[in-house]
Amino acid sequence: MRTLTHLLSLTFSLTLLLSHLSPSTAYQHSTTGKSEQDNGHSLTQKLYLWPISAESPTPLYELWYHERREDAACSSAGHKNCAMTGECGDDEIVRVGIIDEEGVFRGVATTGKALKNLDKTLINIRRNRSDPKKVWRVEFQRVYDLEEPDVRATKPTPGPQPFLNKPIVLNAEGKLPEPDVEKTFLQKYWWVLLAGAFLVLSGGGSAE
Amino acid sequence: MRLFSRVFSGVLLLLPAVRAIYKDEAYQNDWHLALIGASIPSSTFFHRPALDAKASLIYTLTSRSILAAINPRDGSIVWRHLLGDGTSSGVARKAEGAVIAAVDREVKAFDAIDGKLIWETTFAGRVKDLQVIGGSTAIVLFENGSVTKVSGGKIVWESPAIDGKDIPQSLSFQGNNVFGLYQQPSKGLRIATIPAETGKLSSSSISASIQPMDKIYSSASVVVWTENSMSQIKFLVLGAKSPAISVAAPEGVVDIKFQASGKTLLVHYETEDKSWAEVYGLDQTKGSVNNLYSLDANAARSAFSVTESGSETYITWTLPNGESFLYGSKSADVLDSYTSDSHNSGDVSVLSAISEIIPKPEKKYAVRTFIATSSPGFHGNTYLVRNGKAIWSRPESLVSVTASAWVELLDPAAEEVAEELDVEVHKSVVGAYVHRLARHAHELVTYGPDWLASIPGRVMDAFLSNEIKEEKSGKWRDFFGFRKYAVVATREGGLVALDVGRKGAIVWEVSLVSSKDAGQWQGVQQIYEVGKGTVGVVTYGGEYWEVDAFEGKVLTKAPIGGRIKSSTILERGGKSKVVMVVLEGSTITLLPPGATLGEPAYIVVRGDAGDLNGLRVDNITLATVKTWDFVPQPTEEIHSVINRPAYDPIASIGKVLGDRSVMYKYINKNLITIIATNPSHSSATIYILESVSGVIVHSAVHAGADTTKPITATMSENWLVYSYFGAEEVNGEPAAKGYHLVVSELFESRSPNYRGPLATAQMYSALAGEIGRPHVLSHSYIFPAEISSLGVTTTKQGITTREVLAMMPWSSSIIALPKRLLDPRRPVDRDPNEAEREEGLMKYAPVLEIDPRSVLNHKRELLGITDIVTTPAQLESTSIIFAYGGDLFGTRVTPSMPFDVLGKEFSKIQLVGTILALGVGVGFVAPMVRRKQINQRWLTLS
């Protein structure tokens, strides 16, 4: 019984120790769809779909996005789109896009099949670079490894730059500065181990 | 063993791909046609490079602003220099032991013997004309009208223009005075007289009614011009006080040219079908001009040259058919005439001819004439005629190659059998059987005693010499497939086949234009190899030509029905290839006429408003529907669109890492790269777009990219390489100013061994979104030189590693950069660990050094190259390279060393000798060993 208690306390102290050592790196999943309009997405954009057999585009979603932030949202599909109603076939090409300021439809191509199940869709809003309030391009894509619809307003990624060699900085004596040698585990956390050992040893003898 | 193979492969990776390291290894496989372009007649001359030189050289400045010295003996280029950007014209004049040339704003003097720069001066204004007044002193006339005297590169005096509205024409020098000739907008002509010593200007005006098509000419002693649209010719002798003399021009003249030398002036008339000349003598003191003689009319589009030799002045007249006549300056008697042995077609016109005449005893003459010709499709070809015999020629028209296509040659073995089998297919069973029997009987004869008897001889040949005697020629390819034809089109409409494996020899020439419609010619859009030995040519003007690629015969010519926007070739199963043409207004036509589209096609077309559209083409009606569009960001414009090479085999779908896990390549043949630039903000954006659905799979913004400098890219497999000039500051942070070479490699997923949706799918639909999102790894490197064009090697199976080929105008050379040097996985700021070392990854270094051993052209200078195209050889190790756009250059490279062919240093005799020696040795030692072993047994037993 006594050994068990000791064991428990040891485990506890080790857990404490380890949790102290590794800061929490829980993966922060980017905010995804389904959220309502009240989370600060001030700007809206209508997304249309346009089957090639149709005369004109019809609204698909309402997109909400922020001027700078990456997270965005879309209205939950209230009405059924053409693929759900069967107006456009599985293999029919359906264009999904926006209507720009000049009234021209601009979009990307997908098929009716991709529109049937909207769970795995990725909607990528690309902003106008000179006026981030405006939308330059919206891309609709079906991505298989998604759990739920993902709407995001991505920023343009800067291109890679060469990693330049760092200039050598000498200290006042004209020598290379001594690199800070990182303390070893024991040097850093001897006191925790000591405390643990103390706990274990002073576990108190039960009246036997 | 495994360790050994790993170490061995590591060593292999570290070796540079084999190059000519020793002098005798260079120039074996590579060839170079140094072209200069069409000569400017007034800047082309024979000139003794030094006062005491025995022979003279030909110096010429061309319309591509290349100043060159040509050896008249064999037509080789002694030296040449690219002046300016290759588009602006200029003037070149002879000086004492030098040649002084002016292009744009620069005046340069070059040593006439070796072409070394003696001095140079850059001015604020553009140079219009230049005259040398002795030594290396020159007078320069600028386009703003001012005149400057330059001596040894230093400005002696400057004389500003009197009236800014005057259009400067030319400059003459006589005695101690310089005459500047200006055209005045309303009144006529103005002659400015400037003493060469002081630069003090005095000028006089002459009234003349000069129309836009009129000609103005001035030489050292006379000013000649035409008036009222070439109906009148006026002469004014310089230095004399007399008024201009007027002569009526003949009727129906379409062109008048003037040439003067000393006291002789030649007026060359051209009508639609005739040409002739009148020769005038000038009297300096009286200021009069008198007609000496006139020549009878002969064929049109000829050229005259007025040459001074000793105290005599000679006139040579070169006709388009190669005939030439020599006249003196006194009378119309022919001193000598030369018929030509060449058979020029009727459409040739002589652009210019310059002569060098040396009188010999007994009224004989040694005449050398350097002739530049123009025929439909071919502009600027030059040749030299010595006493009527063509000595050499230079295909200068190939300087303007704009499109090319590779043509596979036929495999002699396969072709023969295929032909025989084809015959059998079309016969009855019995007939086919008899045919087969006959074929085998024939083979018995072919490979009979004679063939067997020749074996020892052939084996000996193979042993003793490395050269294969019976090298295949014509349309039959060689065993290794090093020979291929490149069919190229010139800007003027000529179609030429070059044998790339045979030092670029011209196989045939065909013109796609006739002299009648040369004015409407708009250029070749693209050339395709549409079938075995057939090329299809699509022209912008809306014509489709099919030409036999081996013989150069035109098979068909059909109008397409409109101006062409773009075209592409589709392989629709089997042998048949279909060329799809997009006409203006986005209507689609299939070529050859009558071709069908098996299934709907998806194509990408540049829109009229600077956008890019994805179109779906219906397989039956050929109606198009826009599937997607790409409009660049509002401030950007599309700079260029790059796609993967048509032939781009991928041997391995993944990249095996050091720990035996695999990074799967994102392979999608529908990827295109769009480079969009923003000149006002100096930025460039690279988009990789999936061209069926229109989804951007990767984009990168390069702020601070100089859009005035070349931005080039090339794609292959799963990667993209591009180059641009970066500024010293990017988004407020210091950056590396200079040329950057960026590599982006696309993988299926971030983590090794995990495949994206493309995975094992036999088919996937880009439209349904099954293309996933690639994981992109990028690295940027600093490259020490500007890159004007990029290419990538291709091999038959794609097993050999690839090399990126970069044209560097700065050093006039093409460098081959191994792809693994550009690997985006090179570890940064640390040495590679063991697994990475095993992969062949090196520590990242920000600067890519130019390894001189990787320069494909060795010491040769390549000028004006715009495109580098590659094709595989039959050997997996070898890729054939052809570069065009100015000079023509061809070579072959082995990026992973020539692993499938024996090197030249491999000695078969040595191998056989070693085996024989070993055999003899074994024969000697074996009985001894046996005896020893037996003895040993007996000894141990006893």
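Q: What does buried area stand for in this predicted model, and what is its value between chain A and chain B?
A: Buried area is the accessible area that two parts lose on being put together, summed over both. In this predicted model, the value between chain A and chain B is about 3,500 Å², and carbon and sulfur atoms give 54% of it. Within chain A, Arg129(A), Trp136(A) and Pro160(A) lose the most area to chain B, together 18% of what that side buries.

Q: Which residues count as the contact between chain A and chain B, and how many does each chain give?
A: Contact requires heavy atoms within 4.5 Å, and on that basis chain A contributes 38 residues while chain B contributes 50 residues.

Q: What makes the pair Glu636(B) and Arg129(A) a salt bridge?
A: The rule asks for a side-chain nitrogen of Lys or Arg within 4 Å of a carboxyl oxygen of Asp or Glu. The closest N and O atoms of Glu636(B) and Arg129(A) are 3.0 Å apart, so the pair satisfies that cut-off. Across the interface of chain A and chain B the rule finds two salt bridges, and 20 residue pairs are in polar contact there, both residues being at pLDDT 80 or more. On the side of chain A that touches chain B, the largest share, seven residues, comes from E5(A).

Q: Why are strand E1 and strand E2 of chain A called paired?
A: Pairing needs at least two bridges between the strands. Strand E1 (residues 43-51) and strand E2 (residues 58-65) of chain A run antiparallel and are joined by seven bridges, so the condition is met. Leu43(A), for instance, has Tyr65(A) as its bridge partner in E2(A).

Q: Why is Thr148(B) called buried?
A: Buried means under 20% relative accessible area, and Thr148(B) has 2%, so the residue falls under that limit. Thr148(B) sits in strand E12 (residues 147-151) of chain B. Leaving aside residues up to four places away in sequence, Thr148(B) touches several others, including Phe123(B), Ile139(B), Phe142(B) and Trp157(B).

Q: Why is Pro158(A) called exposed?
A: Exposed means over 50% relative accessible area, and the value of 59% for Pro158(A) is over that limit, so the term applies. Pro158(A) belongs to the loop between strand E8 (150-154) and helix H4 (185-201) of chain A.

Q: Why is it said that the salt bridge of Asp648(B) and Arg802(B) ties together parts apart in sequence?
A: The closest N and O atoms of Asp648(B) and Arg802(B) are 2.9 Å apart, and this distance is within the 4 Å cut-off. Asp648(B) lies in the loop between strand E49 (637-643) and strand E50 (654-656) of chain B, whereas Arg802(B) lies in the loop between strand E61 (789-792) and strand E62 (803-808) of chain B, so the parts that the pair ties together are 154 residues apart in sequence. Asp648(B), at 8% relative accessibility, counts as buried, and Arg802(B), at 5%, is buried as well.

Q: Why do Asp706(B) and Lys709(B) count as partly exposed?
A: Partly exposed covers the values between the limits of 20% and 50%. Asp706(B) has a relative accessible area of 21% and Lys709(B) is at 28%, so both residues fall in between. The side chains of Asp706(B) and Lys709(B) meet in a salt bridge with an N to O distance of 3.5 Å.

Notes:
Residues are numbered from 1 along each chain as its sequence is written. Chains are lettered from A and ligands numbered from 1 in the order in which they are written. This is a predicted model: local features need pLDDT of at least 70, side-chain atom pairs count only at pLDDT 80 or more; totals for chains, interfaces and linings use all residues. Side-chain values use heavy atoms; hydrogens and water are left out. Helices (H or I, at least four residues) and strands (E, at least two) are DSSP runs, numbered from the N terminus. Buried means under 20% relative accessible area, exposed over 50%, partly exposed in between (1.4 Å probe, protein chains only). Buried area is the accessible area (1.4 Å probe) that two parts lose on being put together, summed over both. A polar contact is a pair of N or O atoms within 3.5 Å; within protein, one must be able to donate a hydrogen and the other to accept it, and residues adjacent in sequence count only if both atoms are side-chain atoms.
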